[in-house]
Amino acid sequence: DFKVLVADAEALLKATASQGGEAVTAMRARVGESLAVAKDKLTEVERVALDKAKAAAVATDEYVHEKPW
């Protein structure tokens with residue numbers, strides 16, 4: 001699950017917070033930025049999926065009421 005992956009990556013970032021060195025600091029910054037972008041995209045995908053599901057439910061309800069067999 002994507003949310004679990006994001007949570008695990010965030011936990012890894014927290015666990016390595018005390019690690020030193022420029023390479024580790026730079027990698028943590030890049031991973032942090034990538035996680036932020038991934039979380040934003042996931043939120044947008046969830047919103048779009050919810051909007052489409054609601055629209056499908058409304059269309060189905062209208063169809064059933066217009067054509068009650």
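How much area does the protein chain expose, and what share of it do carbon and sulfur atoms supply? The chain exposes about 5,700 Å², and carbon and sulfur atoms supply 64% of that area. The model is predicted.

**View 1. The whole protein chain, with two helices and zero strands.** The C-alpha trace spans about 70 × 15 × 10 Å along its principal axes. The radius of gyration is 21 Å. A compact globule of 69 residues would have a value near 11 Å. Buried residues make up 7% of the 69 residues.

**View 2. Charged side chains of the protein chain.** There are 10 positive and 12 negative side chains. The centres of these two sets lie 3 Å apart.

**View 3. Helix α1, residues 2-15.** The helix has 14 residues. At 1.5 Å a residue, α1 should span 20 Å. Its end C-alpha atoms are 20 Å apart, so the model agrees with the expected span.

**View 4. The two faces of α1.** Val 6, Ala 9 and Leu 13 are buried in this helix. They cover an arc of only 65° around the axis, and therefore sit on the same side of α1. Which exposed residues does the face turned away from the buried side carry? That face carries Leu 12, Lys 14 and Ala 15.

**View 5. Ala 7 in helix α1.** Is Ala 7 buried or partly exposed? Its relative accessible area is 38%. Buried means under 20% and exposed means over 50%. Ala 7 is therefore partly exposed. Glu 33 is 26 residues from Ala 7 along the chain. The C-alpha atoms of Ala 7 and Glu 33 are separated by 14 Å.

**View 6. Met 27 in helix α2, residues 22-66.** The relative accessibility of Met 27 is 41%, so this residue counts as partly exposed. How far is Met 27 from Lys 3, 24 residues apart along the chain? The C-alpha atoms of Met 27 and Lys 3 are separated by 21 Å.

Notes. Residues numbered from 1 in each chain as written. Predicted model: local features only at pLDDT ≥ 70, side-chain atom pairs only at ≥ 80, totals over all residues. Heavy atoms only, no water. Helix = DSSP H or I, 4+ residues; strand = E, 2+ residues; numbered from the N terminus. Rg over C-alpha atoms; globule rule 2.2 N^0.38 Å. Buried < 20%, exposed > 50% of the residue type's maximum accessible area, 1.4 Å probe, protein only. Areas by Shrake-Rupley, 256 points an atom, 1.4 Å probe, with all protein chains shown as cover. Lys, Arg positive; Asp, Glu negative; His and termini not counted. Charge placed at Lys NZ, Arg CZ, Asp CG, Glu CD. Expected span 1.5 Å × (residues − 1). Arc of directions from axis to C-beta.
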